[in-house]
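User: I'm new to this one, so could you walk me through it slowly?
Analyst: Gladly; let us look at it together and take one topic at a time.

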Amino acid sequence: MKLQLSSIQFGLFKSLPSTTVTTAAATLKQQVASSSSSPKGIAKVVLKKGKTQVFKDGSPMVYSGAVDRIVGRPPPKTGDVVLVADGTEKPIGWGLYNSVSMFCVRLMQLEEETSRDASCALNVEKLLETRFGAAKELRRRLGLPSANTNAYRLVNSEGDRLSGLIVDVFRDVAVVASSAAWVEKYKPEIQDCINKIEEIKHIKWRPSVEILKEEGLDVSDMKDKNTSTCPERIKKYVYLGCMIPWSDSQVLENGISYAISLEGQKTGFYADQRENRQFVKTISAGQKVLDMCCYSGGFALNAAQGGAINVTGVDSSLPALNLARENVVLNHLDPEIISFLKEDATEFMKGALCRNESWDLVILDPPKLAPRKKVLQSASGMYRNLNSLAMQLTRRGGFLMTCSCSGAMTQSGTFLRVLQGAATMAGRKITVVRQDGAACDHPIDPSYPEGEYLSNVLLRVL
């Protein structure tokens, strides 16, 4: 998979330590800028006039509507390295091509970056090594992993400049979420990078089949090919081809132990809410707490450990609730204080209202209701209805922590407006006390704001 460079291929950077290579590269750069042909073996994707700046500013997703023409024969195939050039055919960077996706190139490196680090130019293997190293160093500086937390995100797609690739780490297991054709093509190289991280012993590959279908991949046997040989839950062991003993330690987040499912939702655990769960622990002492859409009980467990006098978790998924109940045992919590119920969120809240029940702190973290912008309007209505019910269940003067993991909602900037509409519907007055998003190990590239997806808002409900 490694693409070897030569003086007739390499036209992207200004200097290298070697004087000979520097001269050849500088000469080639002039040739590429002035010639209508691409360097041998590498196609050139030429952008339309006026479409260049957004990509020079760092946006990694070159959409098909921004492309004027492709220079080079034979035409590039999905996963191929290509140059990306402005209307004069001067290269602005290089990336990985997709012949089917609406995003025809994922930019990997800009031309000016090669002046600082030419070793990665047109070399996917080297680029992966460099980006994984930078991602690992960022987490180290953030204190991850630590004695109290060994569940964290190692690679966050565009935020770590590896668009389409997510890697979550749960103790010594790395779970890879693949949502781009290039990630599947370079799977061995990605696995090599992960295997070089000392604390990671096992890799679980989880392709996002529906997204990869849109990327033009044949996914007919992908589920079978990537089905895990791990057990449903990680607690005392992991099974990856053979039985591998796991010590008595479990996956830890802020000192709380979790059994997680590698076959569960997303990568198996929502590390993005780590800092928000920790905050719930700080405001739960002496409180009666309701955790709606609780999944494996993250918020509920933190509330109980924070001194809540009663905690109720509600979810419609029995496998998730089985994990939550197991987590109560793992953390030696009193089952008289914390309990979980299987019920639809709307039905539970309506029933609780009929029973005149209320809570001091309500957490509402529903699944993604607006996966795309085109359903944002209908999803806004669902968010409004759910939050209206949650507000009515919050005692006057109490707190509602409400969330949206829908990128379309977060990026629209309308979540607070939806919450105000919910308050009006509920006959309540709300005040915003705290606003947050994903944890710090989920960095966002400001040139690609579409990477921001999680909203977490703490409201005082009057």
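**Helices and a sheet**

User: How do the axes of H4 and H6 cross?
Analyst: In this predicted model, the axes of helix H4 (residues 124-141) and helix H6 (residues 187-195) come within 10 Å, crossing at roughly 35 degrees, and the crossing of H4 past H6 is right-handed.

User: Which residues meet there?
Analyst: From H4 there are Glu125, Leu128, Glu129 and Phe132, which meet Glu189, Ile190, Cys193 and Ile194 of H6; sorted by character, the residues of this contact of H4 with H6 are 5 nonpolar and 3 charged, with no polar ones.

User: Switching to the sheet, what is the order of its strands?
Analyst: The sheet is open and has 7 strands with mixed pairing, in the order E19-E18-E17-E20-E21-E23-E22.

User: And which strands stand at the edges?
Analyst: Those are strand E19 (338-342) and strand E22 (430-436), and each has a single partner strand, so one side of each is left without a neighbour in the sheet. From one strand to the next, the twist averages 15 degrees.

User: In which sense do E21 and E23 pair?
Analyst: Strand E21 (residues 394-404) pairs with strand E23 (residues 455-461) in the antiparallel sense, over 7 bridges, and Thr402 stands opposite Val457 in E23.

User: What does H13 touch on the sheet?
Analyst: Helix H13 (residues 376-393) packs on the sheet and touches strand E17 (288-292), strand E20 (359-364), E21, E22 and E23, while its direction makes about 150 degrees with that of E21.

Note on methods
Residues numbered from 1 in each chain as written. Predicted model: local features only at pLDDT ≥ 70, side-chain atom pairs only at ≥ 80, totals over all residues. Heavy atoms only, no water. Axes fitted to C-alpha atoms, helices over the stretch in contact; angles between N-to-C directions. Helix = DSSP H or I, 4+ residues; strand = E, 2+ residues; numbered from the N terminus. Left-handed = near helix turned anticlockwise from the far one by under 90°. Contact = heavy atoms within 4.5 Å. Nonpolar A, V, L, I, M, F, W, Y, C, P; charged D, E, K, R; others polar. Pairing = 2+ DSSP bridges.
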